[in-house]
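Colleague: Got a minute to walk me through this one? I'd like to hear about the strands first, then the packing.

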Amino acid sequence: MLRFITLSGILTICSIQLISAQDQALRYEDAIYQPYIRSVKLTQKGLYLNPPILTLEGNDLLELEFDDMEADSKSYYYRIIQCDINWKPTPLAELDYIEGYSNDLLREYHNSFKTTTSFSHYRLILPNENTRITRSGNYLLQIYENLDKEVTVLSRRFIVLENKVFVAAKLVTPAAVGKYRTHHEIDFEVGVDKLPVGNMRQEIKATILQNNRWDNAIQALVPNFNRLNNLVWDYQDKVVFPAGKEFRWLDMRSLFIFGSQIASINKVNGRFEVIAKEDHPFDGKQYFQILDLDGDFVIGNSDQRGMRLNENLQSRTNTNGANPNTSDWRDLAQDESNHFNNSVGSDYAEVQFFLGMNEPLLNQDVYLVGRFNDWQMQPQYKMSFDDVQQAYTVRVPLKQGYYNYAFSAKPRNSTTAPVNLTPIDGDWWETENVYTILIYYRAFGERYDRVIGMTRVQSGIR
């Protein structure tokens, strides 16, 4: 029997094959795909320490920023992809969740200004006059080049939230006795009396994040019982996280005045080199409080005139090199008056980190990690052990700003091991962490997961 394929059918097949190739190359996570892309950050606009969460029908905006170190004028495009609770694409068409364009050009970019390292700075605001999201849920923002989606340069996760339920959460004593002094356990419940829920334990699920990290998130967890119209997550030793330690910090807002944790600053071949003070493992040490940024970072500098944001931050740093108060950071990070200048006027430097140890870890590699590299143990952040200095060391390019960071150990022969801060620094139950609870709802017969509630709970005292 002869079968005829029309031109439209051929185009449809080609289109499906192209989308399949694009999806195979695209990872549905926070990722940088090209080595010339740096300093990527997606946050709420004006709230540069807040996670990328939009309220459906709200007035808040998301702001994406990144640098292209090739310093050329390029045509970058964005694409918005709706995902389910497990970060897989939903079957909905883009028109089902986007009003306007789901693919569009990034129209705002600027060249670096008065910096020794040249770069082009790109910026995107969502939603905008061309793109508005109409449904809640998980979303992936893909940035690609020259209308060729196979040349992806970065991807970022974000959440669109509709507040439909009240979430009550609390930290509790870990059920496992061995975790009492080292872990945080969370119990929570959700009131669903205003939702047309048929099977509460199948239609409602939760995801829990520690310090806005997705790499160690507990995802798609169903409630273990209900109390009238409240769903309860009261598991024993399941919603539990290693508490970690307070984050280390690097104050690199100035390349002329030493910030805290900087040993020296040199200019070699016209470029800046920064030597950080040597760190040492926290494991076995008693608790001490550091008001940190929960592993995050802020771009900015105090070297160029008019940088009022960072001048204020500088003035609030204690003379003994201690961190400024966290509330100062959170207040000042909302000041947009000099944000543009910080973005294009902050320089890059090669920063050398040291982790002093008497001998290397047995059969384990050590990596520098933090929000600045998406909590990923990438080859360029792998540290090598120097027998003479008795320290792990690595050199990485960083843009001026204030950084939190940590050290992760990874089994030498493993390619899939998660970030693990415990072998080097251990865990304190007193550590100050922020836990975010997201509530998802998929009604019977629905094709996507709505995000219908959120709350945050903090450990420690702030």
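**Strand 4 and its surroundings**

Modeller: Happy to. 7 of the 7 residues of strand 4 are buried, so strand 4 is largely enclosed by the rest of the structure. Buried means under 20% relative accessible area, exposed over 50% and partly exposed in between, with a 1.4 Å probe and protein chains only. Strands here are DSSP runs of E with at least two residues, numbered from the N terminus.

Colleague: What kind of model is this, and how are residues numbered?

Modeller: This is a predicted model, where local features need pLDDT of at least 70 and side-chain atom pairs count only at pLDDT 80 or more, while totals for chains, interfaces and linings use all residues. Residues are numbered from 1 along each chain as its sequence is written, and side-chain values use heavy atoms, with hydrogens and water left out.

Colleague: Thanks. Which residues point which way from strand 4?

Modeller: Leu62, Leu64, Phe66 and Asp68 point one way, Glu63, Glu65 and Asp67 point the other way, and all are buried.

Colleague: And what is the strand order in the sheet?

Modeller: The order is 2-4-9-8, in an open sheet of 4 strands with antiparallel pairing. Two strands pair if DSSP finds at least two bridges between them. Strand 2 (37-44) and strand 8 (108-111) stand at the edges with a single partner strand each, so one side of each has no neighbour in the sheet.

Colleague: How many bridges hold strand 4 to strand 9?

Modeller: 7 bridges join strand 4 to strand 9, and the two run antiparallel. Strand 2 pairs with strand 4 over 6 bridges, also in the antiparallel sense. Strand 8 and strand 9 (residues 120-126) are antiparallel too, over 4 bridges.

Colleague: Where does aspartate 68 fit in?

Modeller: Isoleucine 37 stands opposite aspartate 68 in strand 4, and in strand 9 the bridge partner of aspartate 68 is serine 120. Over between strands 8 and 9, histidine 110 stands opposite histidine 121 in strand 9.

Colleague: Switching to packing: which residues touch the most other members of the largest nonpolar core?

Modeller: Leu64, Phe66, Tyr76, Ile80, Leu141, Ile143 and Phe158 do, out of 31 residues in that core. A nonpolar core is a set of buried Ala, Val, Leu, Ile, Met, Phe, Trp, Tyr and Cys residues joined through side-chain atoms within 4.5 Å. Strand 12 gives the most to this core, with 4 residues.

Colleague: Is there a separate one, and if so what does that second core include?

Modeller: The second, separate core has 30 residues, including Ile299, Val366, Tyr381 and Ala409.

Colleague: How many aromatic pairs are there?

Modeller: The count comes to 20 aromatic pairs. Rings of Phe, Tyr and Trp (its six-membered ring) pair if their centres lie within 6.5 Å; planes under 30 degrees apart count as stacked, over 60 as edge-to-face and the rest as tilted. Phenylalanine 66 and tyrosine 76 have ring centres 5.6 Å apart and planes at 80°, so that pair is edge-to-face. Phenylalanine 66 lies in strand 4 and tyrosine 76 in strand 5, so the pair ties together parts 10 residues apart in sequence.

Colleague: Are those two buried or exposed?

Modeller: Phenylalanine 66 is buried, with a relative accessible area of 0%, and tyrosine 76 is buried with 0% as well. Phe66, Tyr76, Tyr109 and Tyr122 form one aromatic cluster.
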